[in-house]
Amino acid sequence: MKKFNIGILGATGMVGQNYISLLENHPWFNVTWLSASERSAGKKYCEAVSGRWHMQKEIPSQVKNLRIKKISDIADCKANCDFVFSALDSGVAKEFEEKYAKAGIPVVSNASTHRHTKDVPMIIPEINSRHLEIIPGQMKSHGWDKGFIVVKPNCSLQSYMTPLFALHEKFGVEKAIISTLQAVSGAGHPGVSSFDIIDNVVPYIGGEEEKSEKEPLKILGKIDGNEIKYFDGLEISAHCNRVPVIDGHLACVSVKFRKKPSKEEILDLWEKFRGIPQELDLPFAPKQPIIYRDEADRPQPRLDRDSDKGMAVTVGRLRECNVFDYRFVGLSHNTVRGAAGGGILNAELLVKQGYINR
Ligand code: NAP
């Protein structure tokens, strides 16, 4: 396959750097165009991230000397890219993602801006790839000929949504209480100051609890005409905490089902769970999307966040709950599965299903 040329908006930030790092040697995608804020525009990529490159790998050689463009250089992007990943600040994303889509450039976004736009699909490919069917309607209603916007959900959802969804179809998830322990990389760079987070836990992340409670309902929703109708059969109560971990969001979940499964049935469904990315054998798809660990003290961020390239969700501590039916702990890598890796998987699905063409 001839590779797709891709651009990254917000290429210098925490998520942008993850895109650059993860896309090195991607079999389908070639990074050819980068943009960021005015403070970075005009610089070579290596100059712009000098002193703030957070990845363990070196900057890939094909990207190192690329000149960063202004976010407003949309015509230049169009001339050089088949589509873009957006890792922009939400405020900027609001202004520019639509401009890129209008110019005929598909936008695969990480920003929260369009998560609740009624005709924008918010995708976890193992769960709701069918929501992509709304794209032609989105393009038609805006009069866009080739561009469109697809988003992924908040980074914390990945640690519990797939394990819950795997059980939902058969047993109906009715209520969930979810307490997240979220890594500092989730706030970008510089994020929370070291003085605030070392030797500490901050029991508040602005807007995060609302996202954790509302976004799952859109993901479980159904297309109805030109909008995605939210699922109304699930109640979630979320507590979101920032903890002194670099990468990996952990979620402690108590769940009540419409029909209570046995522990063996839950473990069996998690073990056998596969989605469209696995069926299509997409390059970034984890082979085993949900990995169950038997040990009493797993999952742990440091030990489990990199499972299957950081794309698998690791669960553990499944046990009966005194108030609801069951309790478990879920973990996923927030800047990989929860951000750039999730965006790449969305793009692979869009290519494979013919939504993105040259
Ligand atoms: P970040 O580290 O603060 O990076 C923000 C990026 O946006 C930088 O490249 C920055 O460029 C660019 N930018 C800022 N203002 C701009 C402007 N006026 N015009 C053009 N570019 C501008 O943030 P992040 O953590 O990577 O997050 C990026 C997006 O992904 C956010 O919307 C966030 O909510 C979402 N997200 C983050 C995570 C995570 O785990 N971190 C997970 C899921 C989703 P400069 O470097 O030049 O300033």
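Guide: Two strands pair if DSSP finds at least two bridges between them, and the elements themselves are DSSP runs numbered from the N terminus, namely helices (H or I, at least four residues) and strands (E, at least two). This is a predicted model, in which local features need pLDDT of at least 70 and side-chain atom pairs count only at pLDDT 80 or more, while totals for chains, interfaces and linings use all residues. Residues are numbered from 1 along each chain as its sequence is written, and side-chain values use heavy atoms, with hydrogens and water left out.

Visitor: In the open sheet with parallel pairing, what is the order of the strands?
Guide: This sheet is built from 6 strands, and its edges are strand 3 (68-70) and strand 6 (149-151), each of which pairs on one side only. Direction ignored, neighbouring strands are turned by 30° against each other on average, where axes are lines fitted to C-alpha atoms (for helices over the stretch in contact) and angles run from 0 to 180 degrees between N-to-C directions. The strand order is 3-2-1-4-5-6.

Visitor: In strand 3, which residue is the bridge partner of Ala36?
Guide: Strand 2 (residues 29-36) runs parallel to strand 3, and 3 bridges join the two. Within strand 3, the residue bridged to Ala36 is Lys70.

Visitor: Why is one side of strand 10 and of strand 12 left without a neighbour in the sheet?
Guide: These strands belong to an open sheet of 6 strands with mixed pairing, in the order 10-7-11-14-13-12. Because strand 10 (235-242) and strand 12 (290-293) stand at the edges of that sheet, each has a single partner strand.

Visitor: Over how many bridges do strand 7 and strand 10 pair?
Guide: Two of the partners can be named: Ile177 is bridged to Ser237 in strand 10, and Gln182 to Arg242 in strand 10. Strand 7 (residues 173-182) and strand 10 pair in the parallel sense, and the number of bridges is 8.

Visitor: In strand 11, which residue is the bridge partner of Leu181?
Guide: Strand 7 and strand 11 run antiparallel and are joined by 8 bridges. In strand 11, the residue that bridges to Leu181 is Leu250.

Visitor: Where is the kink in helix 8 centred?
Guide: Helix 8 has 14 residues and reaches 20 Å from its first C-alpha to its last, close to the 20 Å expected at 1.5 Å a residue, the expected span being 1.5 Å times one less than the number of residues. A bend is the angle between axes fitted to the seven residues ending at a residue and the seven starting there. In helix 8 the kink is about 30°, and its centre is Phe165.

Visitor: How many of the 14 residues of helix 8 are buried?
Guide: Buried means under 20% relative accessible area, exposed over 50%, and partly exposed in between (1.4 Å probe, protein chains only). Among the buried residues of helix 8 are Tyr160, Phe165 and Phe171. Helix 8 is largely enclosed by the rest of the structure, because the number of its residues that are buried is 12.

Visitor: At which residue does helix 15 bend?
Guide: Helix 15 (residues 336-352) has 17 residues, but its end C-alpha atoms are only 21 Å apart, short of the 24 Å that a straight helix would reach at 1.5 Å a residue. Of those 17 residues 16 are buried, so helix 15 is largely enclosed by the rest of the structure. The bend is about 50°, and the residue is Gly342.

Visitor: Which residues does Ala103 touch, not counting residues up to four places away in sequence?
Guide: Ala103 lies in the loop between helix 5 (90-102) and strand 5 (107-109) and is partly exposed, with a relative accessible area of 29%. Ala103 and Ile74 are 29 residues apart in sequence and 7.4 Å apart in space, C-alpha to C-alpha. Counting contact as heavy atoms within 4.5 Å, the residues that Ala103 touches are Ile74 and Lys78.

Visitor: What distance separates the centres of domain 1 and domain 2?
Guide: The bounds, which come from an automatic or database domain assignment, give domain 1 (4-154 + 340-352) and domain 2 (156-333). The contact takes 40 residues from domain 1 and 36 residues from domain 2. Taken over C-alpha atoms, the separation of the two centres is 24 Å.
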